[in-house]
Amino acid sequence: MERIEHHACFSGWQDVYRHQSDVLGCPINFSVFLPKEAHERRLPVLYWFSGLTCTEQNFITKAGAQRYAAEHQVVLVAPDTSPRGDTVPDEAGYDLGKGAGFYVNATRKPWAAHYCMYDYVVNELPSLIEAALPVSDLRSVSGHSMGGHGALVVALKNPGRYRSVSAFSPIVAPSQVPWGEKAFSAYLGANKEDWKQYDACELVKSAKERLPLLVDQGGADEFLEVQLRPQLLQDACEAARHPLLLRFRPGFDHSYYFISSFIGEHIAHHAAALNV
């Protein structure tokens, strides 16, 4: 790990690190906010997954989350959304390739060599964080849009690994919306049965853990009806009797103005689950 940024922030430190990822086959950045209490004891971690086009920078510069993480003594870790570099495949447009990893393990060429964000965020990154930084093995996960999809998927697929999960404006059914159909076709192939392993609406049907899902959705979100379709998750959870708190926030769009307005509530939710 190479620390490439170090900023005093709410009596703690906002850092950015770079390391060579074995899973992704390239260097990748991630950000870490460490409250001051991290000098005294190991703290639990909230992992944040960002959305399309984002890097590790968007959340730490726009969400205003450090204030609440400092208050609740929770470490924030936010990785980049995809592999990057001159040797990493890319595609014209914002919704495939760099900045659009979709938190899956790609199986199709040319993507499979690098686009394994699922294994990176579930296994490699937490192992690195827990070995190198003053954190415990207590984890929660949250995210926005494509990252909200990622947060729901990794929590549903890994019972017992996360204490809590939440999402802002998540892509809840990527198998049924244009963003997901484009990405999954490229990364996973044409067989839609293969897509179900990364689809929250499919995963709740057989979830082995009834981890409550917290979802906030802006009522004025420009992607609400075509790309996000939260009612599909609501229907799936009702059918499976899986606990879901879906809150529509009138007037809010898809931006970080929305996230920054409610991130304090989400961090408090996770802190309660993490017993801090």
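**Entry 1: cores**

I began with the largest nonpolar core, which has 71 residues, and noted that those with the most contacts inside it are Val32, Val77, Phe102, Ile129, Val141, Tyr187 and Leu233. I keep in mind throughout that this is a predicted model. I then looked up a second, separate core, which has 23 residues and includes Ala65, Leu76, Tyr256 and Phe258.

From the list for the largest core I picked Val77 and asked which residues it touches beyond its neighbours within four places in sequence. I found Phe30, Ser31, Val32, Val45, Leu46, Tyr47, Trp48, Leu125 and Ile129 in contact with Val77.

**Entry 2: Leu46**

Since Leu46 appeared among the contacts of Val77, I looked it up next and found it in strand S4, which spans residues 43-49. Is Leu46 buried or exposed? I count Leu46 as buried because its relative accessibility is 3%, and the cut-off for that class is under 20%.

Setting aside residues up to four places away in sequence, I listed the contacts of Leu46 as Val74, Val75, Leu76, Val77, Ser140, Val141, Ser142, Ile267 and His270. Val77 and Val141 in that list are also among the residues I had noted for the largest core, while Leu76, likewise a contact of Leu46, is included in the second core. I also checked a pair separated by 228 residues in sequence, Leu46 and Leu274, and their C-alpha atoms are 9.2 Å apart in space.

**Entry 3: strands S1, S2 and S3**

I turned to strand S2, residues 12-21, and found it mostly covered, with seven of its 10 residues buried. On one side of my search was strand S1, residues 2-9, which pairs with S2 in the antiparallel sense over seven bridges. Within this pairing I noted that His6 has Asp15 as its bridge partner in S2, and that Cys9 stands opposite Gly12. The hairpin of S1 and S2 has two residues between the strands, and there I found Phe10 with a positive phi near 50°.

I then followed S2 to strand S3, residues 26-34, and counted nine bridges between these antiparallel strands; Trp13 stands opposite Leu34 of S3. This second hairpin has four residues between its strands, and Gly25, in the turn, has a positive phi of about 70°.

**Entry 4: cysteines**

How many disulfides does the structure hold? I arrived at a count of zero. Cys26 is in no disulfide, and the cysteine sulfur nearest to its own, that of Cys116, is 10 Å away, whereas a disulfide would need the sulfur atoms within 2.5 Å. Cys116 is likewise in no disulfide, with the sulfur of Cys26 as its nearest at 10 Å. I count Cys26 as buried because its relative accessibility is 3%, and Cys116 as buried at 13%.

**Entry 5: helix H5**

I closed with helix H5, residues 178-188, where I found Trp179, Gly180, Ala183, Phe184, Ala186, Tyr187 and Leu188 buried. Viewed down the axis of H5, these buried residues fall within an arc of 165°, so I record them as lining one face of the helix. What does this buried set pack against? I found helix H4, residues 146-157, and helix H7, residues 224-228. Tyr187 of this set is also one of the residues with the most contacts inside the largest core. Just after H5, I noted Gly189 with a positive phi of about 100°.

How values were computed. Residues numbered from 1 in each chain as written. Predicted model: local features only at pLDDT ≥ 70, side-chain atom pairs only at ≥ 80, totals over all residues. Heavy atoms only, no water. Buried < 20%, exposed > 50% of the residue type's maximum accessible area, 1.4 Å probe, protein only. Contact = heavy atoms within 4.5 Å. Pairing = 2+ DSSP bridges. Arc of directions from axis to C-beta. Core = buried A, V, L, I, M, F, W, Y, C linked by side-chain atoms within 4.5 Å.
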